[in-house]
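Grab your viewer and work through these short exercises. Each one has a task, then a solution in steps.

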Amino acid sequence: MRRKLDEYGLIKGRFYGFTAALPCGPDKIEKIQVEKIKDYLSELNLMTYDYHGAWDALSGVNAPMFDQGWGDKTKRWSVHGCVNTYVERGVSLHQMNIGLPFYGRSFSHATGMKQFHGGADDVNFHLDEGSPQYFNIVNELKGVEGYADSGMTTYRHAKTQTQFAVFNGGNRGLVSYDDPRAICDKVEYANERGMHGCESTYLKVI
């Protein structure tokens, strides 16, 4: 494919990029010949999200900058860990993009991180089947005027540099997501390390 793109590029007088979306789980990376594909890909788009969700026993962070410290399948279960794993396999930082999730992962009945939960919250976030788009999270944060127990309270999870929000008024669940500060942290991280850039990722529920 790379050879054909180069041949066509000579005809058209331009360079055609060749990219791929690649996993971040160390067990998944082990199954890829990273040392070979890096020479053919012009960009590697790292899927630095979906680290934790309703499939886990305990509530956790969707897209942690650094390992959260519980529930991880292995070490390096984070943005930083993923980037370093590819670097150690010979990939240049300027070839890599990190993903920015513009959606969250919800946990029904949890009131904080590292708690047992009731699965994805498809009641409060039914429009997104429990994995809410960012704008729907913002709408829930506001609550309903005149109802004291509506809305959500947000917290910064310092270790992973991400945000999570808990529903007010009882044991109604939480959502892990990236707010503007978390997005800026990831962009700054990519810039400081001399990476290629960042790509926004929307979760589309079909």
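Is Asp 27 buried, partly exposed or exposed? Before you start, note that this is a predicted model, where local features need pLDDT of at least 70, side-chain atom pairs count only at pLDDT 80 or more, and totals for chains, interfaces and linings use all residues. Residues are numbered from 1 along each chain as its sequence is written, and side-chain values use heavy atoms, with hydrogens and water left out.

**Exercise 1: Asp 27 and its partner**

Solution. Start with the cut-offs: buried means under 20% relative accessible area, exposed over 50%, and partly exposed in between (1.4 Å probe, protein chains only). Asp 27 comes out at 33%, so partly exposed is the label. Next, look for a salt bridge (a side-chain nitrogen of Lys or Arg within 4 Å of a carboxyl oxygen of Asp or Glu). Asp 27 has one with Lys 28, with 3.2 Å between the closest N and O atoms. Lys 28 is partly exposed too, at 37%.

**Exercise 2: a link across the sequence**

Find the salt-bridge partner of Glu 30 and say which parts the pair ties together.

Solution. The partner is Arg 89, and the closest N and O atoms sit 2.5 Å apart. Now place both residues, taking helices (H or I, at least four residues) and strands (E, at least two) as DSSP runs numbered from the N terminus. Glu 30 is in the loop between helix 2 (26-29) and helix 3 (34-37), while Arg 89 is in the loop between helix 4 (79-88) and strand 3 (96-101), so the pair ties together parts that are 59 residues apart in sequence. Finally, check accessibility: Glu 30 is exposed at 56%, whereas Arg 89 is buried at 18%.

**Exercise 3: one more pair, then the total**

How many salt bridges does a search of the whole structure find?

Solution. Try Lys 38 and Asp 39: their side chains form a salt bridge at 3.0 Å, N to O. Asp 39 is exposed at 54%, and Lys 38 is partly exposed at 21%. The search of the whole structure gives nine salt bridges.

**Exercise 4: the four-stranded sheet**

Work out the strand order of the open sheet and name its edges.

Solution. Two strands pair if DSSP finds at least two bridges between them. The order of the four strands is 4-7-6-5, with antiparallel pairing. Strand 4 (105-107) and strand 5 (152-157) are the edges, each pairing on one side only. To finish, zoom in on strand 5 and strand 6 (residues 162-167), an antiparallel pair with six bridges. Here Arg 156 stands opposite Gln 163 in strand 6.
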